[in-house]
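Hi,

Here is the structure I promised to pass on. Please open it first, then read my notes below.

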Amino acid sequence: MLLVRGGHVIIDTGTILKDAAICIENETIKEFGSWTEMQSKYPAANVIGDGTSLVMPGLIDAHSHGRGLSPIQKGVLYDYLENAFLDWSAMVYLPNDLCSALSAVRHLRGGCTTIHHTGWNDEGPKALEQARQAINSYRETGIRLAYSPAVRDRNRFCIDEGDFLKTLPAELHDFVLPMTRYDARAIADGYLDLFETLHREEDTPMSRVLHGPSWAHGSTDEFFTRIRDSANSHGGTPIHIHTLQTPHQRAWSIKTFGCSLVEHLDRIGLLGPNTTLGHAVWLSEKDIDLIAERGASTTHHGSCNLHVRNGISPVWYMMRKGINVALGIDDKSLNDDDDVLMELRMSAMLSRVPGFDLAEMPPLTSGQILSMGTTNAARTLGFEQNHGTLQVGAAADLAVMETGSMLHDPWTSENLSIPDLLLWRGKGQDVRDVIVNGRIVIRDRKFQTIDVEGLYGEIRSYVKHHETKAATPERISALAKLRPYFHDWHRKMLDHLDISEPFYLVNGRH
Ligand SMILES: [Zn+2]
């Protein structure tokens with residue numbers, strides 16, 4: 001039996017207790033009540049936290065890729081997503097086990113107890129081995145996991161890659177051509193085999209296996225149809241798809257299908273309550289209505305969208321329509337450290353810019369924002385039952401925070417609610433203890449599950465030997481020569497797209 005005590009305990013965003021404790025038995029919350037009552041009922045229980053702590057449900061990152069080190073750490077600054085693709089193709093990548101362990105450490109230490117890893121290298125003969133490596137590595141850290149293998153069976157090099165090739169001089173054409181030649185059918189077959197194996201072997205209460213067909217514009221209709229059928233055959237497996245991250249993706253969809261990507265997904269039966277659209281920045285009003293009507297979700301990656309200059313997702317409008325919007329970090333956070341609390345604050349900030357009507361456009365509430373990183377996120381990952389709250393019967397995933405800087409630096413009024421103060425003053429670095437599935441993963445800021453210094457040593461040693469081998473000088477030179485053609489291609493793509501009227505008004509030219 002374990003008691004977790006706090007001066008403030010957030011059971012869910014509507015239920016906040018003062019000087020209370022949660023009682024954990026095995027993997028679940030057995031009960032909660034006042035500290036005096038819990039202490040007298042369970043005098044022999046171990047106790048974590050004290051009368052000054054803040055106890056909250058473990059946070060959930062509904063969209064990341066578990067890449068460990070960030071591009072910035074690898075010496076590459078962020079740029080427009082399309083430019084970044086060229087830049088990232090020449091940087092060092094850690095093996096899966098090191099990536100996943102580092103991502104888990106960064107999430108856990110900030111109070112995030114569940115991560116969704118959507119894949120980035122789930123192809124080829126080593127795909128299964130690499131996925132298992134990642135999953136095992138997460139498991140060792142103690143984090144709860146949703147894992148979605150991800151591949152693309154079209155538009156792999158860039159949007160409309162066949163036509164892009166025609167714009168290139170011979171030397172560059174020959175450089176790009178091999179990257180646009182692949183067997184779409186074989187990629188889809190390999191993906192579905194991989195998904196079925198992982199689902200059979202790894203889909204447990206600690207590691208859900210979801211469908212993650214990369215991009216909406218990177219999947220053929222045939223592939224999507226097979227994914228839809230597979231999800232249905234497993235009783236509605238969640239399907240997570242990067243969708244309309246850039247205006248170029250919207251332009252391609254209108255050119256190719258004569259409608260928006262969201263409408264196209266709906267036509268082929270991919271838009272339902274088990275679908276989550278990652279990013280969802282370049283939606284139309286009609287798209288938002290359709291997503292709401294179908295009960296689909298989106299994930300909001302506020303800092304990531306700014307880092308790669310995608311724009312701002314119209315989250316305020318989606319929430320007003322009742323769409324389930326969840327938080328995703330996507331490996332690109334404000335402080336480059338995967339701090340979920342900081343990202344929730346970023347979401348709150350971005351929801352403050354929809355317009356200038358003093359009465360009709362209130363910002364989202366702290367409860368709405370915190371739900372994005374708890375219950376809303378749980379729902380997108382198929383964890384909606386008993387996750388994201390500390391109600392009786394819920395999974396025992398929670399974080400204990402010190403409140404010195406949040407409440408006593410040197411004084412904070414009690415007029416505001418604890419969710420308000422957590423959202424506007426809390427930081428991942430305030431987290432002291434973390435429990436996942438009833439297991440103490442971090443105690444007094446020390447990992448109880450893995451040797452973090454040992455992991456850091458392995459990562460330093462790996463990059464020391466591999467950093468300069470990530471790309472040949474010939475490849476780096478070819479990528480540089482390609483860049484102006486790549487820019488031209490993407491510039492022309494937007495010629496016929498009307499993006500003159502934004503959802504969010506932030507300034508005016510006249
Ligand atoms: Zn992503």
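A word on terms before the split: the domain bounds used here come from an automatic or database domain assignment. On that basis, the protein chain falls into two parts. Domain 1 is made of 1–57 + 397–450, and domain 2 of 59–387 + 451–456. Please keep in mind that this is a predicted model.

**Where the domains meet**

The C-alpha centres of domain 1 and domain 2 are 31 Å apart. Contacts join the two: 24 residues on the domain 1 side and 30 on the domain 2 side.

Which elements of domain 1 give two or more residues to the side that touches domain 2? They are β14 (398–401), α18 (418–425), β15 (431–436) and β16 (439–443). The top contributor is α18, with 4 residues. Sorted by class, this side of domain 1 holds 13 nonpolar, 7 polar and 4 charged residues.

**The chain as a whole**

The protein chain has 20 helices and 17 strands. Its C-alpha atoms fill a box of roughly 80 × 55 × 45 Å along the principal axes.

The radius of gyration is 23 Å; this agrees with a compact globule, because one of 510 residues would have a value near 24 Å.

Buried residues make up 48% of the 510 in the protein chain. Now take the contacts with a separation of 6 or more: 76% of them are between residues 24 or more positions apart.

Best wishes

Note on methods: Residues numbered from 1 in each chain as written. Predicted model: local features only at pLDDT ≥ 70, side-chain atom pairs only at ≥ 80, totals over all residues. Contact = placed C-beta atoms within 7 Å. Nonpolar A, V, L, I, M, F, W, Y, C, P; charged D, E, K, R; others polar. Rg over C-alpha atoms; globule rule 2.2 N^0.38 Å. Buried ≥ 20, exposed ≤ 12 C-beta atoms within 10 Å, placed from the backbone.
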